[in-house]
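Visitor: I would like to learn how to read backbone outliers and nonpolar cores in a model. Please take me through one.

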Amino acid sequence: MNLFSEAGTLGTRMRKLVLFLLTTIIFVIPSAAQTDWIRTGTGLGVEKVRIAVPDFKTSSTDPPNAELLKTFNDTLFNDLTYAGIFDVVSKSFYPLQIPGTPQEIQLEPWGNPPPNAAMVAFGNFGKSGDDVAMQGWLFDVKNIASPQVLGKQYREKATTENARVIAHRFANEIIFRLGGGIPGIAESKIAFISARTGHKEVWMMDYDGAGQTQLTKLGSISLSPRISPDNGRVAFTTFARGGVDLAMYSLELGRTVTFPRFAGTNVSPAWSADGTKLAFSSSMRGDPEIFIADANGANPKRVTANKGGNVSPVWNPKTGTQIAFVSGRSGLPQIYTMESDGTNLQQVTDGGYAVSPSWSPNGQFLAFAWRRKYGPGAPGGQDIYVMDIASKQWVQLTHDSGVNDFPSWSPDGRHIVFESTRSAGTQIWTMLADGSQQRQLTNSGHNQQPNWSFK
Amino acid sequence: MNVSAQSKSYFAVSTLAILLFIAGCHKKAAPTPAAPPPPPPAPTASISASPNAVERGGTSQLTWRTENATDVTIEGVGKVDPNGSKEVNPTESTSYRLVAKGPGGQQDATARITVTAPPPPPVATPAPVSMTDEQWFTQNVKDVFFDYDSYQLRPDAQQIIAADARALSQKPNLRVLVQGHCDERGSTEYNLTLGDERAAAIKNALVAAGVPASRIDTRTFGKEQPFCTESGEACWQQNRRGHFVANR
């Protein structure tokens, strides 16, 4: 018995090692091509910058702003913790003297153990009249002569929402500066489907799960929301129009807008990165095939012609000319890629049940849901995988934790949002693109099919 | 006596303390979990009716269970205990919707009791005129079932469709909606296309058996409206279905 569990531990260790090696192969070698990641040394799988983020000092005691200050501090700390490029120093290691301005900071206690920080983000935040104002700095602790890397100030109407917005903006500045010039995602959005009202409606939330807001009120079944690249519209599928149809919600107008109704079943819309085209699955001419139409639904053209469902197209956001999609043409659904005119078809997965592709912003990877071994009693579950398209090497990101589906890449390519049944009901989770830092964003009712905005 | 009992309990306490200390020593420092504090658990709800088909005037037993719910209602019945059962005698086919609300959200579940007309009296009479088209439809146009990830019509499904086509020829004015349903496994989007293909396969077979295509509409439900919500093959088979509805 004891021996057995020892062997199990060893097996787990071996698996972890293999996983680590695969992660290294896939994420470090390709990122070597991006010279800025190497120069700053902050890419995934590369040494992370050790940063201290002491609570910002209040800049006014009258009127009181403890609640706004706490919202700001929590949001900034979480943004940097989950950015994927930092090793955020635990607050318990911080020196007792917390700086609110550059005049107040002593660099040595921050650079020495225990904090041992390379960077410190600090500042002050407070109400002034109807507004809240923030002053924030980023200091390079080891550069005694000229430590300031960044100095920023923001001012907005004093609301909880704005305390969060200001924290997101400052976090994005720090991430942009220390993360190889890739813009932060703290102001990005996630569209999703929630059944918490009793009907499946389209909802939207901030990237960290805050501000969950219902968009549609159709009282029917709505599915597969996809945010347009300019953040102006959400394309989705709905049962509310009599069949199973595409529909369009305008975020600017705050309502659904006209969109043509096609014959047959029309599902899984996908925006091209330039926002001019929609790919989707339609059985308007018989079998479910991939179609491409203009963004307003005009001129639908069929690009596949194979019996067996063809569905869930996604565009390569880098080239704008390739499409990955799911097809059941050879039995259980597999993932394929093709040019957007239907040529150069390639099968990407080689077995099991593979669905829900999402194309990484740099065009290099596909994330998808895969049940690799299929059949009665087969081991393993439905998990999220990432594949390097050129080499077809893949990494498994979720393990032994419910049914996982609908991965969607963040705009910076460092994060993946997905749905999972591992906790109560189906909920939305995020993780870094190496599978670490998995955290739950929703908990009310059932929530599914997350889609991360383009920016 | 008293002293001895006391020293015994001292001994027990100190042993426990030592054990805890040792256990503590052995424990490796666990990595700090990245997960946020656990959210309030979402409520769960299930409801069933036994039997789920009665003749008019008959009674059926509703049984429901919920967890993590503070406010539980059944539409048409009212506020009820979190877990319980109740006898009902609906006069027509009724869906009982159980709504469980709690701090973690809302969950609902539905049980349907189909009320059928009583059998015709022994005296031979022509088909009862009181029977609605829907009742006739439920009795005569039977659902068909599919294998996993398949829209091929099995031999049993082909027989049922042949009988359905004969029945439909007796009511040439009735329109039919064929719904394609799938089990809970696999992706929401892929299952929508699978349900579409199931409904289309049934429509093609009905047309081949002489039912005019213009009478038949199809609609996929993917895995959105299961007939049965448990995990397991018995339930999944119920959900891999072509379901017929009288369409006006």
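Guide: What follows covers the backbone first and the cores afterwards. This is a predicted model, in which local features need pLDDT of at least 70, side-chain atom pairs count only at pLDDT 80 or more, and totals for chains, interfaces and linings use all residues. Residues are numbered from 1 along each chain as its sequence is written, chains are lettered from A and ligands numbered from 1 in the order in which they are written, and side-chain values use heavy atoms, with hydrogens and water left out.

Visitor: Where is there a cis peptide bond?

Guide: Most peptide bonds are trans. Here a cis bond joins Pro113(A) and Pro114(A), with omega about 5°. Pro114(A) sits in the loop between α4 (107-111) and β4 (119-128) of chain A; helices (H or I, at least four residues) and strands (E, at least two) are DSSP runs, numbered from the N terminus.

Visitor: What is the phi of Asp400(A), and is Asp400(A) buried or exposed?

Guide: Most residues other than glycine have a negative phi. Asp400(A) has a positive phi, near 50°, and is exposed at 73% relative accessible area. Buried means under 20%, exposed over 50%, partly exposed in between (1.4 Å probe, protein chains only).

Visitor: Which residues have the most contacts inside the largest nonpolar core?

Guide: A nonpolar core is a set of buried Ala, Val, Leu, Ile, Met, Phe, Trp, Tyr and Cys residues joined through side-chain atoms within 4.5 Å. The largest has 41 residues, and those with the most contacts inside it include Ile51(A), Phe72(A) and Leu80(A). α5(A) gives the most to this core, eight residues.
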